[in-house]
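Let's work through a few short exercises together. Have a look at the sequence and the model, try each task yourself, then read the solution.

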Amino acid sequence: MNIDWIELSNFRNIEQAQLTPCQTLNVIYGKNGQGKTNLLEAIWLLTGAKSFRGSKDAELIRRGQPFSTIRAQVQTRDLCHNIQISIQPAGSPKPGRTAKLSGAEQGKASNLAGIFTAVVFEPNHLSLVKGSPEGRRKFVDAALCQLYPGYLSEYRRYLQILTQKNALLKHYHRTPGAAEMLEVFDEQMAAAGEKITHRRRQYVERIAPMAVQTYADISSGAEQLELQYIASFSEKGLLEELKKSRKEDLRCGFCTVGPHREDVAIRLNGQPARTDASQGQQRSAVLSLKLAEAAMAEQVSGEHPVMLLDDVLSELDDGRQAYLLSRMQGRQVFVSGCDDSIFRKTDGKLLHMQGGVLTEL
Ligand SMILES: Nc1ncnc2c1ncn2[C@@H]1O[C@H](COP(=O)(O)OP(=O)(O)OP(=O)(O)O)[C@@H](O)[C@H]1O
Ligand SMILES: [Mg+2]
């Protein structure tokens, strides 16, 4: 997977930018607050997913401008696609992120899932290990959305039932026919939820050996990483668990079991990495997970995803930097950082970002 060229217009602080990246390493350097992450974010949006920063669509449009456009030509092994993402504010004729593929309207940008794949590393990803289960579920869900175009709608279906069920639980004693409605919701939720859990568990089982190997390489075999998907129900199924938790759900006023309460356990030498691992060990665990995500994307699609490394090299020691860059070989990579010193040692393309203006050196 490669980007041949990309053009941005009115994207965050970037009024206009054109870039013809090289097929290997592209280095974007510049001072803080100049637009480096913005550029990587625009590249990421070509996947059809929402911003990796969790920003709202309207925040992506350059202040004072009516809309923003990202256009790119991407190359897979045997196909060439022209992707256009347009971002418009609420209330406009086509609000949010919409897409065109080789000139044909695709509707919502999420319909592009699977066309262009990318993996992003950014400093906030430390929360993948340190943070709440929600971040780990998001990691798995985001990967699944890119790999399996149907996953997003399956997931939305589950959330829709969950929202309805939670509303019912909240007003249970004031709702006529509540018990019967709850039965129906539970059945729907079990069917939709089991699919989600199954996909997620399968994903974690497939990336685990790759992440474990990477961690062993980084730590020279001194430490052992373990990954395990923690489902909220046993072989008996989710419906059984939902019935068991009914009392508790009514007491809490929301649904306490299901994929929305699950987690990925990350352990180092048998201990939970969230509480026991050092900062450096947590970083290595994140790196292992992200590299496994990229390897998995390659296995499923047969294409190397484009790698976006936002400001992560500066956090790693020399050995880990070299290891990470060595694992990027054969892929198109975009790396951002505040200084060009480490990058001058590589033979990548150097780009400077200042005040939203991108210049090739
Ligand atoms: N919608 C927008 N319109 C105009 N400017 C914006 C918009 N959104 C963000 N910005 C500006 O973009 C700049 C931040 O850009 P970005 O996050 O890409 O910086 P960076 O080069 O990655 O910096 P750092 O090295 O600190 O990570 C900020 O100055 C911010 O004000
Ligand atoms: Mg940045």
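**Exercise 1: the ligand**

In this predicted model, a polar backbone atom of Arg-63 sits 3.0 Å from a nitrogen atom of ligand 1.

Task: find which residues surround ligand 1 most closely, and look for backbone atoms that approach its oxygen atoms.

Solution. Start with the surroundings: ligand 1 has 17 residues around it, and the closest are Gly-33, Lys-36, Thr-37, Arg-53 and Ile-61. Next, go to the oxygen atoms. A polar backbone atom of Asn-38 is 2.8 Å from one oxygen atom of ligand 1. For Gly-35, a backbone N or O atom lies 3.0 Å from an oxygen atom of the ligand.

**Exercise 2: two domains**

Task: describe how domain 1 and domain 2 meet.

Solution. First, mark the domains: domain 1 covers 1-117 + 305-361, while domain 2 covers 126-302. Their centres, taken over C-alpha atoms, are 28 Å apart.

Then count the contacts: 19 residues of domain 1 touch 17 residues of domain 2. The area buried between the two domains is about 1,600 Å², and carbon and sulfur atoms give 58% of that.

**Exercise 3: a charged pair**

Task: which side chains form the salt bridge, and what is the N to O distance?

Solution. The count between domain 1 and domain 2 is one salt bridge. Arg-331 and Glu-298 are the partners, with 2.7 Å from N to O. That passes the test, because a salt bridge needs the nitrogen within 4 Å of the carboxyl oxygen.

Methods:
Residues are numbered from 1 along each chain as its sequence is written. Chains are lettered from A and ligands numbered from 1 in the order in which they are written. This is a predicted model: local features need pLDDT of at least 70, side-chain atom pairs count only at pLDDT 80 or more; totals for chains, interfaces and linings use all residues. Side-chain values use heavy atoms; hydrogens and water are left out. Domain bounds come from an automatic or database domain assignment. Contact means heavy atoms within 4.5 Å. Buried area is the accessible area (1.4 Å probe) that two parts lose on being put together, summed over both. A residue is near a molecule or strand if one of its heavy atoms lies within 4 Å of it. A polar contact is a pair of N or O atoms within 3.5 Å; within protein, one must be able to donate a hydrogen and the other to accept it, and residues adjacent in sequence count only if both atoms are side-chain atoms.
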